[in-house]
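Grab a pencil and open the model in your viewer. Below are some exercises, each with a solution worked out step by step.

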Amino acid sequence: MPIAKSLNDSDIECWYPPGHGNFYEALYNSGLLNKFIADGKEYCFLSNIDNMGATVDFSILNFLLNPPDGTENPEFLMEVTNKTRADVKGGTLIQYDDKPMLLEIAQVPKEYVDEFKSINKFRIFNTNNLWAKLSAIKRVVENNELEMEVIVNPKHLDRGLDVIQLETAAGAAVKNFKNACGINVPRSRFLPVKKCSDLLLLMSNLYDIDHGSLTLSEQRSFPTTPLVKLGSSFDKVSDFLKRFEGIPDILELDHLTVSGDVWFGKGVTLKGTVIIIANHGDRIDIPPGSVLENKIVSGNLRILEH
């Protein structure tokens, strides 16, 4: 695979991220770890940048500083939450050699992948909201005690080369810390925005903002979020925003599938299961103020200004 010959090599394909497992050594090597410890800081909170539900929870911090029953302070804590069918690929926390360990799907042999994805056998998954004691990070890095499984990811470069990318995951460090544990948190602490379908949910009236944290609206009758599938016409954020004059009311939505050249007017309400499919070459305009409840819309529907 392409390898950079110097730090000034501008060929992007010569570089690849080593995974967020590099966090601990990077924090140490930057000098920030020693600075934070000198400033009296005890714990750090680490999360994925796209997780809109990842905020500093003082209840969890209090648990770390004041563990129950006089037990020792956990040096590492991983937030997990209940797995749904949308999370079947998420890493899970297991017990191995009397230690907690993170198991990622890339580490699972092909013949066991379906078993790994089972929400009955593996009921929780790692949100990648992680808490770690700074003095413990310093110890494991300086003593070379940081052992993390290497994840092998096949990649295809734009220049046509098939390569293997080696990564480590930050959560895999769980086994290297004393009294490490997992804590089951509400789904509201895991709200990743990886696709425009996720963005639609978070921009809608499904969520409220409470002191900087996103919370599911109390007007939602049930605690689960709708399943939303948007077609390729909505892949780019710019296209997504153009196709919605206003984000629909989805408080009572269960399932939304949109495919093809579809545009939404202002004040649209979607309830139950709604499927909108514009055939190739056709366009569907959902009129402003429309209420669609348990409907399938297909064919061609144009609204032209005059």
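## Getting your bearings

The protein has 7 helices and 16 strands. Keep in mind that this is a predicted model. There are 306 residues, and 41% of them are buried. Its C-alpha atoms fit a box of roughly 75 × 55 × 45 Å along the principal axes. About 17800 Å² is exposed, with carbon and sulfur atoms supplying 52% of that.

## Exercise 1: one helix, one face

**Task.** Find the buried residues of helix α5 and work out where they sit around the helix.

**Solution.**

Step 1. Go to residues 134-142, which form α5. The buried residues there are Leu 134, Ala 136, Ile 137, Val 140 and Val 141.

Step 2. Look down the axis of α5: these buried residues fall within an arc of 155 degrees, so they line one face of the helix.

Step 3. Link this to the helix rule: with 3.6 residues a turn in an α-helix, residues three or four places apart point the same way.

Step 4. Now see what lies over the buried residues of α5. The cover includes helices α1 (23-29) and α2 (32-38), along with strands β1 (43-46) and β5 (124-133).

Step 5. Walk just past the end of α5 and you meet Asn 144, with a positive phi of about 55 degrees.

## Exercise 2: a well-covered helix

**Task.** How many of the residues of α6 are buried, and what covers them?

**Solution.**

Step 1. Count along α6: 6 of its 8 residues are buried, so the helix is mostly covered.

Step 2. Name them: Cys 196, Ser 197, Asp 198, Leu 200, Leu 201 and Leu 202.

Step 3. Look for the cover. It includes β9 (207-210), β10 (213-216), β11, α7 (237-243) and β12.

## Exercise 3: inside the cores

**Task.** Which elements give two or more residues to the largest nonpolar core?

**Solution.**

Step 1. Start with the core itself, which has 29 residues. Leu 256, Val 262, Phe 264, Leu 270 and Ile 276 have the most contacts inside it.

Step 2. List the elements that give two or more residues: α6 (196-203), β11 (227-230), β12 (249-259), β13 (261-264), β14 (269-278), β15 (283-286) and β16 (291-299). The top contributor is β12, with 5 residues.

Step 3. Zoom in on Leu 256. Leaving aside neighbours within four places in sequence, Leu 256 is in contact with Leu 200, Leu 227, Val 228, Lys 229, Leu 230, Leu 270 and Val 274.

Step 4. Don't stop there: a second, separate core has 27 residues, including Leu 27, Leu 134, Ala 136 and Met 148. The general idea is that in soluble globular proteins, nonpolar side chains tend to be buried together.

## Exercise 4: buried or exposed?

**Task.** Decide whether Asn 51, Thr 168 and Val 152 are buried, partly exposed or exposed.

**Solution.**

Step 1. Asn 51 is in the loop between β1 and α3 (58-65). Its relative accessibility is 5%, so Asn 51 counts as buried. Beyond four places in sequence, Asn 51 touches Thr 127, Asn 129, Arg 189, Phe 190, Leu 191 and Pro 192. Asn 129 is 78 residues away along the chain, yet the C-alpha atoms of Asn 51 and Asn 129 are separated by 8.9 Å.

Step 2. Thr 168 is in the loop between β7 (162-167) and β8 (181-184). With 18% relative accessible area, Thr 168 is buried, because the cut-off is under 20%. Residues in contact with Thr 168 include Pro 18, His 20, Met 148 and Val 150.

Step 3. Val 152 belongs to strand β6 (residues 151-156). Its relative accessible area is 43%, so Val 152 is partly exposed. Together with Tyr 16, Val 150, Ile 164 and Leu 166, Val 152 makes a nonpolar surface patch of about 420 Å².

## Exercise 5: unusual backbone angles

**Task.** What is the phi of Asp 98, and what is that of Asn 294?

**Solution.**

Step 1. Recall the background: most residues other than glycine have a negative phi.

Step 2. Check Asp 98, in the loop between β3 (92-96) and β4 (99-103). Its phi is positive, about 65 degrees. Asp 98 is exposed, at 73% relative accessibility.

Step 3. Check Asn 294, found in strand β16. Here phi is also positive, about 50 degrees. Asn 294 is exposed too, with a relative accessible area of 52%.

Technical notes:
Residues numbered from 1 in each chain as written. Predicted model: local features only at pLDDT ≥ 70, side-chain atom pairs only at ≥ 80, totals over all residues. Heavy atoms only, no water. Buried < 20%, exposed > 50% of the residue type's maximum accessible area, 1.4 Å probe, protein only. Helix = DSSP H or I, 4+ residues; strand = E, 2+ residues; numbered from the N terminus. Arc of directions from axis to C-beta. Contact = heavy atoms within 4.5 Å. Patch = residues over 30% accessible without salt bridge, like charges linked within 9 Å, V, L, I, M, F, W, Y side chains within 5 Å. Areas by Shrake-Rupley, 256 points an atom, 1.4 Å probe, with all protein chains shown as cover. Salt bridge = Lys/Arg side-chain N within 4 Å of Asp/Glu carboxyl O. Core = buried A, V, L, I, M, F, W, Y, C linked by side-chain atoms within 4.5 Å.
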